[in-house]
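Trainee: I should like to learn how to read a structure residue by residue. May we work through one together?

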Amino acid sequence: MKDKLKLYLVTDSDILKNRDFYKCIEDALKGGVTTLQLREKNVGGKEFLEKAIKLRELTKKYNTLFIINDRVDVAMLCDADGVHVGQSDIPVDKVRTLIGKDKIIGVSAHSVEEAKNAKDGGADYIGVGAMFNTTTKSDASIVTIDTLKEIDQNVDIPKVLIGGMNLNNISLFKGVNIDGYAVVSAILNVDDIYEECIKWKKAL
């Protein structure tokens with residue numbers, strides 16, 4: 001799983017504006033995205049499930065991990081590889097009861113305590129951040145590099161950084177044991193998504 005977390009794309013159709021959602025995501029998968037998370041803040045349950053079912057087929061085609069944000073029910077209905085939950089969502093152990101032992105659970109963590117609790121609860125990986133200010137999550141609190149290093153020293157499950165990650169700042173984390181980078185606007189906001197993902201693959 002660790003190799004699959006390297007280039008982790010989180011969807012946001014608002015950033016894509018009027019571009020074709022599925023074509024943009026497929027371009028990213030062709031370009032080398034290794035994990036795709038469906039996170040759509042402004043769609044209803046029916047549309048979210050429709051997107052999940054279609055993206056499940058695309059991710060199978062490109063051998064990409066498929067993670068659903070928050071919605072354990074949707075993850076189960078589309079047979080996603082796993083689910084990602086935040087600190088205010090269903091606790092990890094309850095998610096595990098619902099989703100089974102073979103599925104992946106990711107948990108957002110902003111502190112050493114949250115990271116430890118995620119691991120103890122049965123998380124397979126943690127999403128650490130926000131590392132920088134980000135337009136895609138206005139209420140995100142910033143995690144310092146010192147806190148990140150402390151998390152790295154105390155928690156031995158895979159770690160993915162999220163929040164304002166781009167090709168200009170990932171070099172700041174070369175000295176820390178990081179398994180992947182979760183990206184939203186740095187990929188989805190560009191004109192040529194495929195070529196941008198190629199650049200990320202080379203950089204990583």
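Mentor: The questions below go from the backbone to side chains, rings, cysteines and one helix. This is a predicted model, in which local features need pLDDT of at least 70, side-chain atom pairs count only at pLDDT 80 or more, and totals for chains, interfaces and linings use all residues. Residues are numbered from 1 along each chain as its sequence is written, and side-chain values use heavy atoms, with hydrogens and water left out.

Trainee: Which residue follows Gly129 across a cis peptide bond?

Mentor: The bond that leaves Gly129 has an omega near 10° and is cis. The residue on its other side is in the loop between strand 6 (125–129) and helix 7 (145–154); helices (H or I, at least four residues) and strands (E, at least two) are DSSP runs, numbered from the N terminus. That residue is Ala130.

Trainee: Is Asn63 buried or exposed?

Mentor: Asn63 belongs to the loop between helix 3 (45–61) and strand 3 (65–69), and its phi is positive, near 55°, although the residue is not glycine. Buried means under 20% relative accessible area, exposed over 50%, and partly exposed in between, with a 1.4 Å probe and protein chains only. Because its relative accessibility is 58%, Asn63 counts as exposed.

Trainee: What is the relative accessibility of Asp79?

Mentor: Asp79 is found in the loop between helix 4 (72–77) and strand 4 (82–85). Its phi is positive as well, at about 55°, and Asp79 is not a glycine. Asp79 counts as partly exposed, its relative accessibility being 40%.

Trainee: Which residues does Arg56 touch, leaving out those up to four places away in sequence?

Mentor: Arg56 lies in helix 3 and is buried, with a relative accessible area of 6%. Contact means heavy atoms within 4.5 Å. Not counting residues up to four places away in sequence, the list for Arg56 is Thr64, Phe66, Cys78, Asp79, Ala80 and Asp81.

Trainee: How far is the side chain of Asn169 from the backbone oxygen of Gly164?

Mentor: Asn169 is placed in the loop between strand 7 (159–162) and strand 8 (180–183), and is buried at 8% relative accessible area. Beyond its neighbours within four places in sequence, Asn169 is in contact with Phe132 and Gly164. From a polar atom of the Asn169 side chain to the backbone oxygen of Gly164 the distance is 2.9 Å.

Trainee: How many aromatic pairs does a search of the whole structure find?

Mentor: Rings of Phe, Tyr and Trp (its six-membered ring) pair if their centres lie within 6.5 Å; planes under 30 degrees apart count as stacked, over 60 as edge-to-face and the rest as tilted. By that rule, the search of the whole structure gives 3.

Trainee: What is the angle between the ring planes of Phe21 and Tyr22?

Mentor: The centres of these two rings are 5.1 Å apart, and the pair is edge-to-face. Phe21 is buried at 9% relative accessibility, whereas Tyr22 is partly exposed at 25%. The angle between the planes is 85°.

Trainee: How many residues apart in sequence are the parts that Phe132 and Phe173 tie together?

Mentor: Phe132 and Phe173 form an edge-to-face pair, 5.9 Å centre to centre with 70° between the planes. Phe132 lies in the loop between strand 6 and helix 7, and Phe173 in the loop between strand 7 and strand 8, so the parts tied together are separated in sequence by 41 residues.

Trainee: Why is there no bond between the sulfurs of Cys197 and Cys24?

Mentor: A disulfide is a pair of cysteine sulfur atoms within 2.5 Å, and by this rule the count is 0. Cys197 is buried, with a relative accessible area of 0%. The closest cysteine sulfur to that of Cys197 is in Cys24, and it is too far for a bond because the distance is 11 Å.

Trainee: Over what arc do the buried residues of helix 9 spread?

Mentor: In helix 9 (residues 193–203), the residues Ile193, Glu196, Cys197 and Trp200 are buried. The arc is that of the directions from the helix axis to the C-beta atoms. These residues are on the same side of helix 9, because they cover an arc of only 100°.

Key
Polar contact = N/O pair within 3.5 Å; in protein donor to acceptor, adjacent residues only side chain to side chain.
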